[in-house]
Structure formats: C-alpha cells, structure tokens
Amino acid sequence: MKTNVLILFTLLACFSCKKDVKQTENSTVNNDSLALVERAKAIHERVITLDTHDDIDINNFTDSLNYTQELTSQVTLPKMKAGGLDVAWFIVYTGQDTLTDEGYKMAYENAMSKFDAIHKLVEDIAPDQIELAVTSDDVRRIHASGKKIAMIGVENGYPIGLDIKNVEKFYNLGARYLSLAHNGHSQLSDSHTGEAEGVWLNKGLSDLGKEVIVEMNRLGMMVDVSHPSKEAMKQMIELSKAPIIASHSAARALSDESRNLDDEQLQWLKDNGGVVQVVALDDYLNINKMNIRNAKILSIQKQVADSLGVKWYTSKEEVMALEPQEQEAFFGYYKKVLDLGNAKANKIEGFPPNVNVSDLVDHIDYIVEKIGIDHVGISSDFDGGGGIEGWNNASETFNVTLELVKRGYTEEQIGMIWSGNLLRVLDDVQAYADSLK
C-alpha cells in the first residue's frame, strides 16, 4: 500500500530543518499529525476490531478473579474497552501429549474446563458486558448493543481423542474454528514442528483427521492451519469444501519460521478463498531482528527470571520438550519475564530494537501485495506468547489501526482487515453447512 506521502515528507522536512525555522511551520506539522491520529481514532471507533487468538487461564475465570478486573493478563474487559478491541476469540488450547487413552482423557477434560470458563464469563460473571457470538450476525448485533464479543476457537484437535462425535460437542459449545495439531504430531495431523528433523507421523492427515475435516464442513466450523504441517494444509484444502483460515500465522518470506506460510501456501489460501490472520508474535514477524536482540537480552531475562524464582528457557526446543503442564506453567510467567526484561533493555542506549507494530503491518502489506486484501486479517496470540512493542495487550489495539492509516489503507480496507475478511469466511463455511441440510 502507498504510504501517506504528504505526512512522510512533512515530517522529514521538520526533522531536517534549521533551528530558526518559523514556529508556524512546526505547527503545521503538528496539526497534520494530529489530524491523522484523529482520523485513525474515528475509523477505529467505527470498524469492528476482531482478534482471532487470545489464550486463557481458567484461574482468571472465577467469581473472585476474572476479566471484569484489571488483571496482569494481556486481555481483560477493561483492556478491551481501553483499546477498542471488540471481538476476542478465546482459545480452548491443549498441549500435545501421548497418543493414549489416558492422554486423550486428560486433554478432553482440559478442553472442557476452558469451555466452561468462557461460558462462565459470558453467562454468569459479566453477561452485561460481553456475549458469546457464533455467527457474523451475532457479532454485528452484539457490537451494536455496546457489549464486547467473545468467540471460541480450539487450538489442537488432540482433545477429540478417537471419538469424532467430540467435534460436534465442541461445535455445540460454541467452537467455530479448530486446528488439528499444535506443537507436536496429533492423532489427526502432522505438526509444522516436524519440519525441523523431517520426522512425520501421518504424512499429512491421518484417516481420522480426514474424517474430521469432512465433519467440520458438515457442521460449519472453520479449519485452522496455523500449526499443522505444509503437507497437512495441502490435504485439508483438497478435502475442504469451504474456505480455511490460518488463525495466527504470518508470511514466511519475511520471517523464516515453520509456522508461517510461504508464498506457495499463501497462493493455496487465496485459491481456497481463505484468510491468514497475521500474528503479533515477535519471532514470527521478524526472526532476524529478534535473533540480534535475543543475543543481547538473554542475560537480562535470566536475571529477571531468577528474581521471580522461575526457570527461564533459552530455546523453543527446550520449551517444546516440556510436559504440557510445565509448558502451561512457563507461559503463565513468560510474558512477565519478557516485559520486565524489555523494560530494562529499553533503558540501555543503543540496545537492538524490538519487533513492533510496523513489523506486523509489513506482513499485512506483503500478503496484500501477494494475494490481495480479501485474504488477510489480524491476531495477537495474547496470553499465549504474543505481544509486540506498541501492541503488547488489548489496551494498545488502536496502535494497529493507526499504523494502517499511516500506510494509506482506507476505512473500508481497514474494516476488511480487522474483521470483514474473517467473518466472510465464517459466513461461507456456515453457508456450505446449511447447503447440506
């Protein structure tokens, strides 16, 4: 997209001008900048802002501790209101464990506890502030009422176990997208993590995984390809009669991470009519920038972790090797260590910069150029490792809209990116399901 050339040249002129420049010229720059911010605020207020990936901790969904309060979590109702985030997709996440009856049972119980927590929020704790949506019409109706909107996605099909009837159970509880794998191969699908060593379990999808795709189409549940392998994604697109989504990924051409989509995958997504929700997670936006910063900041993070009495891990491989319960415990304090470490590092002159909102929108620009504006959206992965400088919690959501306005996107385009494209896919998926009835 074109940048706002007038603003850019005006600012550059201001920075390069002599000390005796007239005060009226500086006032013009300030007025232009303020006008842009005010225009962005107006757009942000009018469009529906939708984030497709917000993890949850069930301990924050109790009568005494919940999202009506200003918790340390990146998403709360006060933070959503402060930042103008309208729709949060709360995630029923289960880490990958053994492919055994015992493993499936524990995973199912974990998933159900998260479904229960989300329903408790919208039905018992704060029904006057937030409501569950399962269709795009629900989203627009609830938004018009002034309430915030909860939607539900399932990250990892592992809790389904070997019983395909659980797909419909999850659907009936409000789940409107499902990823068949996470970090580790499931009984349904290979994971992107197999790429590192070239070790695969299912050669894409298992037979049960293929049945699950058909079942999701029948029900009207979106297929999420953010964690499955490239071959699994290819097979999902071949099987699915409706568009798919990548709920929290980015462009691999800009950051070489296996969870990101390469240009071929982006083209598949376009041909399928789907959408990729660009994720605000540092490594997935700019791994090169993060490698430089991490080399300097690791000692600071270790010091912070030691002061908090928690263990810090130096690589993703170490984290993925942890037991699911250990992983959840780690992610419980992960962002606190990061934020405290970043605060210290940012006080050091010349310290390597952090990934920020500009990096996020670079991916949006790239995907728009490659496959068109109809196929890109936004996600944060808040409370699951996500958060970047400028959009580190829901209260900072406006900064994303501001950057889009600075890049020259129109209000209509910003509305498509924030929610229109994703809701269009949801409509298409549900329309296909209705056609089978």
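User: Happy to start with helix α15: how many of its nine residues are buried?

Analyst: In this predicted model, helix α15 covers residues 398-406. Its buried residues are Phe398, Val400, Thr401, Leu402, Glu403, Leu404 and Val405. The helix is largely enclosed by the rest of the structure, because its buried count is seven of the nine.

User: Thanks! Which residue with a positive phi follows α15?

Analyst: Here we look just past the helix, at the backbone. The phi there is positive, near 100°. The residue that follows α15 with this value is Gly408.

User: Leu404 is one of the residues with the most contacts inside the largest nonpolar core. How many residues does that core have?

Analyst: Leu404 shares that listing with Tyr67, Phe90, Leu180, Ile364, Ile367 and Trp391. A second, separate core of 21 residues includes Val87, Tyr93, Tyr177 and Ile245. The largest core, where Leu404 sits, has 89 residues.

User: Phe90 belongs to strand β2, so to speak of its sides: which residues point the other way from Val87, Trp89, Ile91 and Tyr93?

Analyst: Strand β2 runs over residues 87-93, and seven of its seven residues are buried. Both sides are therefore covered, since buried here means under 20% relative accessible area. Opposite to the Val87 side point Ala88, Phe90 and Val92.

User: And what stands opposite Ile91 in β4?

Analyst: Ile91 is the bridge partner of Asp55 in β1, a strand that pairs with β2 in the parallel sense over four bridges. The β2 and β4 strands also pair in the parallel sense, over seven bridges. In β4, the residue opposite Ile91 is Gly153.

Methods: Residues are numbered from 1 along each chain as its sequence is written. This is a predicted model: local features need pLDDT of at least 70, side-chain atom pairs count only at pLDDT 80 or more; totals for chains, interfaces and linings use all residues. Side-chain values use heavy atoms; hydrogens and water are left out. A nonpolar core is a set of buried Ala, Val, Leu, Ile, Met, Phe, Trp, Tyr and Cys residues joined through side-chain atoms within 4.5 Å. Buried means under 20% relative accessible area, exposed over 50%, partly exposed in between (1.4 Å probe, protein chains only). Helices (H or I, at least four residues) and strands (E, at least two) are DSSP runs, numbered from the N terminus. Two strands pair if DSSP finds at least two bridges between them.
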